[in-house]
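User: Please take a close look at the aromatic pairs of this model and set them in the context of the rest of the chain.

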Amino acid sequence: MMYNGYSFWGMHMFWWIIWMVMLFWIFATPYNIPGQRRRPDSPLDILQKRFAAGKITNAEYQEAKATLTNDLAK
């Protein structure tokens, strides 16, 4: 609604604030909240989980860990 060349700022500004809060909430929430977004596991995390579950031996774990840490250092 226009009033002598000026827009009605009451509800217009209110909706801009609501949209900004929603965008901030969607993109800036922390990743470690249960039930929320989470970061994908790194290859080293996957390796550690496989070793902890007993799917690979200690020698395999050490070899793969050395390979991953060398690749990550590059």
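Analyst: Helices and strands are taken here as DSSP runs, a helix having at least four residues and a strand at least two, with numbering from the N terminus. On that basis the chain of this predicted model has three helices and two strands, and their order along the sequence is β-β-α-α-α. Of its 74 residues, 5% count as buried, while the accessible surface comes to about 6900 Å², 66% of which belongs to carbon and sulfur atoms.

Turning to the rings, the count comes to two aromatic pairs. One of them joins F14 and W15 in an edge-to-face arrangement, with 5.4 Å from centre to centre and 70° between the planes; the label edge-to-face applies because planes over 60 degrees apart are classed that way. F14 has a relative accessible area of 38% and is therefore partly exposed, and W15, with a value of 45%, is likewise partly exposed.

The other pair, formed by F51 and Y61, is stacked, with the centres 4.5 Å apart and an angle of 20° between the planes. This pair links distant parts of the chain, since F51 lies in helix α2 (residues 43-52) and Y61 in helix α3 (residues 58-73), 10 residues apart. The two partners fall into separate classes of accessibility, because buried means under 20% relative accessible area and partly exposed covers the range from there up to 50%: Y61, at 9%, is buried, whereas F51, at 33%, is partly exposed.

Beyond these rings, a nonpolar patch on the surface is formed by M13, W16, I17, M20, V21, L23, W25, I26 and F27, which together have about 1000 Å² of accessible area. One of its members, I17, is placed in helix α1 (residues 9-28), and with a relative accessibility of 48% I17 counts as partly exposed.

A charged contact completes the picture. Side chains of opposite charge can pair when their charged atoms come close. The structure holds one salt bridge, in which the side chains of K49 and D41 meet with a distance of 2.7 Å from N to O; this contact qualifies because the limit for such a nitrogen and a carboxyl oxygen is within 4 Å. Both ends of the salt bridge remain partly exposed, K49 at 48% relative accessibility and D41 with a relative accessible area of 30%.

Terms used
Residues numbered from 1 in each chain as written. Predicted model: local features only at pLDDT ≥ 70, side-chain atom pairs only at ≥ 80, totals over all residues. Heavy atoms only, no water. Buried < 20%, exposed > 50% of the residue type's maximum accessible area, 1.4 Å probe, protein only. Areas by Shrake-Rupley, 256 points an atom, 1.4 Å probe, with all protein chains shown as cover. Phe/Tyr/Trp six-rings, centres within 6.5 Å; stacked < 30°, edge-to-face > 60°. Patch = residues over 30% accessible without salt bridge, like charges linked within 9 Å, V, L, I, M, F, W, Y side chains within 5 Å.
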